[in-house]
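Subject: A structure to look at

Hello,

I am passing a structure on to you, with the notes I made while going through it. Please have a look at it first, and then read on.

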Amino acid sequence: ITIKTDKNLAVSTTDQTVFKNDKEDGSLSDIKIGQKIIVTGVEKNNIIKASLVYTFSSSSNIKVKVASPSATLKKK
């Protein structure tokens, strides 16, 4: 899987990667070109080792919101 952001990131999966979708457990084969997904994992050298891949159905209306500067963590 390649994710296009401000830089292209490759995603690697293993037998430990959990796949979920809107309704049930999913699989790598559920991901289609252009589909919106969420990937959690650890990035190293532009490769994300995925621990979770969540796929959205094509009918999902996803809106991305960026947190305001006041929402950042503060040191005490």
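The chain has five strands and zero helices, where both kinds of element are DSSP runs numbered from the N terminus, with at least four residues for a helix (H or I) and at least two for a strand (E). Its pattern along the sequence is therefore β-β-β-β-β. Please keep in mind that this is a predicted model, in which local features need pLDDT of at least 70, side-chain atom pairs count only at pLDDT 80 or more, and totals for chains, interfaces and linings use all residues. Residues are numbered from 1 along each chain as its sequence is written, and side-chain values use heavy atoms, with hydrogens and water left out.

How the strands pair

A good place to begin is strand E5. Strands count as paired if DSSP finds at least two bridges between them. E2 and E5 run parallel and are joined by three bridges; in this pair, Val11 stands opposite Ile48 of E5. Strand E3 (residues 18–20) is also parallel to E5, again with three bridges, and Val18 has Leu52 as its bridge partner there. Strand E4 (residues 37–44) runs antiparallel to E5, and eight bridges join the two. Within that pair, Val42 stands opposite Lys49. E4 and E5 form a hairpin with two residues between them, and Asn45 in the turn has a positive phi of about 55°.

The nonpolar core

Which residues make up the largest nonpolar core? There are nine of them: Ile3, Leu9, Val11, Phe19, Ile31, Val39, Ile48, Ala50 and Val53. Strands E2 (8–12) and E5 (47–55) each supply at least two residues of this core, and E5 gives the most, with three. The term stands for a set of buried Ala, Val, Leu, Ile, Met, Phe, Trp, Tyr and Cys residues joined through side-chain atoms within 4.5 Å. Buried here means under 20% relative accessible area, exposed means over 50%, and partly exposed is in between (1.4 Å probe, protein chains only). In soluble globular proteins, nonpolar side chains tend to be buried together.

Ile3 shows how one member of the core is surrounded: leaving out residues up to four places away in sequence, Ile3 touches Asn8, Leu9, Val11, Val39 and Ile48. Contact means heavy atoms within 4.5 Å.

Thr55 is another residue to look up, and its place is in strand E5. Thr55 is buried, at 4% relative accessible area. Beyond its neighbours within four places in sequence, Thr55 is in contact with Lys20, Asn21, Asp22, Ile31, Gln35, Lys36 and Ile37.

Side-chain pairs

How many salt bridges are there? The count comes to one, taking a salt bridge as a side-chain nitrogen of Lys or Arg within 4 Å of a carboxyl oxygen of Asp or Glu. The partners are Lys20 and Asp25, at 2.5 Å from N to O. Lys20 is partly exposed at 33% relative accessibility, whereas Asp25 is exposed at 53%.

The whole structure also holds one aromatic pair. Tyr54 and Phe56 form this pair edge-to-face, 4.9 Å centre to centre and with 65° between the planes. Rings of Phe, Tyr and Trp (its six-membered ring) pair if their centres lie within 6.5 Å; planes under 30 degrees apart count as stacked, over 60 as edge-to-face and the rest as tilted. Tyr54 is partly exposed, with 24% relative accessible area, and Phe56 is buried, with 18%.

Two lysines to find

Lys7 is in the loop between strand E1 (2–4) and E2, and is partly exposed at 37%. Apart from neighbours within four places in sequence, Lys7 is in contact with Glu43 and Asn46. Lys7 and Asn46 are 39 residues apart along the chain, and their C-alpha atoms are separated by 8.3 Å.

Lys44 belongs to strand E4 and is exposed, with a relative accessible area of 62%. The C-alpha atoms of Lys44 and Ala10 are separated by 10.0 Å, with their positions 34 residues apart along the chain.

The chain as a whole

Of the 76 residues in the chain, 17% are buried. Among contacts between residues at least 6 apart in sequence, 49% join residues at least 24 apart.

Best wishes
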